[in-house]
Amino acid sequence: TSMQPTTIRRVSLWLMIAMLAGGPAIAQDQTPTPSPEPIVNGVVIPQKDIDFAVQQIIAQKAQQGEMVPQAALPEVRDFARAQAITEELLVQDSQSQGIKVPEQRITEETARIRQQFDSEEQYQAQLAAMKMTEADLKRRIARNQAVNLLIGSLVADVRVSDEEAKAFYDANPDFFKTPEQVRASHILIKVAPEADEAQKAEALQKIKAVQKKIKAGEDFAALAQTHSEGPSNVKGGDLNFFRRGQMVKPFEEAAFALQADEVSEIVETPFGYHLIKATDRREAGTVSFEDAKPRITQNLKKEKEGQVFRAHLEKIRATADIKHEKVEAPTAQSES
């Protein structure tokens, strides 16, 4: 997946904690050749800051279940350079606006990170593995906190009126439609895909025995806890509400055909044999404005905050002196 530009959000330290507590790191032999260190308004961004930004991106991807392939590392590094430049711009802007990060906050955050480790030795070893000292860590925390405070000040006055929320609701009716849903419980006797006829017959006999107990009036949930071989057995077979398209077709068709409290005949799916009980239904409808308003307001507020932030970033970037070229040291000329 290609890297996409993202808005700098208020920085949380959970990612830093995850990285320090053993999160993914780039192996030395995988690190692309460093580019020249950028210079922002006369301040050189050290290579270690770009390396740290790369680590953050890789750790964030890992948290999302994605691994960054070696071939993508140059792109990741370019993106990290851009992020590091943006951070430096914001840190400088926070300084120009007189924003100060209380030392107590830095101390508390450092302590919170240290508490993630079983020992001081483990903490120091992980810092060393990431080529960081505790002073580097505190510097990172101070910069993150400065950016947080700056962004907080930028968006402090952002509001979303009821009229704006209602206008969005009226303009996007499809967003608030709810499909028909059924709540069902089931009892599953598994049949492996490679099962032979004898094994299928054995499973069928098991489900028929359970079916007989249900027809005799025994409690469905209790029988599910005792006999079902699916993970929902601990909840009496309850699968909660689901809409069409979420279950395999034979299961879905049987479940949506049931009335409340009705139990199906035996249903065969690729997982095995099921008995399904419908416990509730929700007809298709529309979420009311009052119910949707909190979510609409929250989303519109985030969108407005993003617009305010991006406009401010563009403003400070337009007046910034950002250099990417490498400054070559003068070389002696040989005399002819």
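Which residue takes a positive phi just after H5? Lys-131 does, at about 55°. The views below come from a predicted model.

**View 1. Helix H5 has a buried side and an exposed side.** H5 spans residues 120-129. Three of its residues, Tyr-123, Gln-126 and Leu-127, are buried. These residues lie on the same side of H5, because their arc around the axis is only 105°. The other side of H5 carries the exposed residues Glu-121, Ala-128 and Ala-129. Lys-131, with its positive phi, comes just after the helix.

**View 2. Ring pairs build an aromatic cluster.** The whole structure holds eight aromatic pairs. In one pair, the ring centres of Phe-168 and Phe-175 are 5.9 Å apart. Their planes meet at 50°, so this pair counts as tilted. Phe-168 is partly exposed, at 27% relative accessible area. Phe-175 is exposed, at 53%. Both belong to a cluster linked by ring pairs, together with Tyr-169, Phe-176 and Phe-289.

**View 3. Charged ends sit over two rings.** One of these rings belongs to Phe-289, a member of the cluster in View 2. The charged end of Lys-166 sits over the Phe-289 ring, 5.8 Å from its centre. The other ring is that of Phe-241. Here the charged end of Arg-282 lies 3.7 Å from the ring centre.

**View 4. A salt bridge joins helices H2 and H3.** The structure has 23 salt bridges. In this one, the side chains of Asp-51 and Arg-77 meet at 2.9 Å, N to O. Asp-51 is in H2 (residues 47-63), and Arg-77 is in H3 (residues 73-96). The two residues are 26 apart in the chain. Are these partners buried or exposed? Asp-51 is partly exposed, at 29% relative accessibility. Arg-77 is buried, at 3%.

**View 5. A salt bridge joins helices H4 and H6.** Arg-114 pairs with Glu-134, and their closest N and O atoms are 2.2 Å apart. Arg-114 lies in H4 (residues 103-114), while Glu-134 lies in H6 (residues 134-154). This bridge links distant parts of the chain, 20 residues apart. Arg-114 is partly exposed, at 32% relative accessibility. Glu-134 is also partly exposed, at 22%.

**View 6. Salt bridges also form an exposed pair and a network.** The side chains of Asp-174 and Lys-177 meet at 3.2 Å, N to O. Both residues are exposed. Elsewhere, salt bridges link six residues into a network. Its acidic members are Asp-49, Glu-87 and Glu-88. Its arginines are Arg-139, Arg-140 and Arg-143.

**View 7. The largest nonpolar core has 24 residues.** In soluble globular proteins, nonpolar side chains tend to be buried together. Ile-45, Ala-80, Leu-89 and Leu-90 have the most contacts inside this core. H2, H3, H6 and helix H11 (289-318) each supply at least two of its residues. Which helix gives the most to the core? H3 does, with nine residues.

**View 8. Ile-45 has several neighbours, and another core lies apart.** Leaving out residues up to four places away in sequence, Ile-45 touches Glu-37, Pro-38 and Val-40. Its contacts also include Ile-50, Ala-84, Ile-85 and Glu-88. Glu-88 belongs to the salt-bridge network of View 6 as well. Apart from the largest core lies another, of 13 residues. Among them are Ile-189, Ala-203, Ala-224 and Leu-275.

Notes:
Residues numbered from 1 in each chain as written. Predicted model: local features only at pLDDT ≥ 70, side-chain atom pairs only at ≥ 80, totals over all residues. Heavy atoms only, no water. Phe/Tyr/Trp six-rings, centres within 6.5 Å; stacked < 30°, edge-to-face > 60°. Buried < 20%, exposed > 50% of the residue type's maximum accessible area, 1.4 Å probe, protein only. Lys NZ or Arg CZ within 6 Å of the ring centre and 35° of its normal. Helix = DSSP H or I, 4+ residues; strand = E, 2+ residues; numbered from the N terminus. Arc of directions from axis to C-beta. Salt bridge = Lys/Arg side-chain N within 4 Å of Asp/Glu carboxyl O. Core = buried A, V, L, I, M, F, W, Y, C linked by side-chain atoms within 4.5 Å. Contact = heavy atoms within 4.5 Å.
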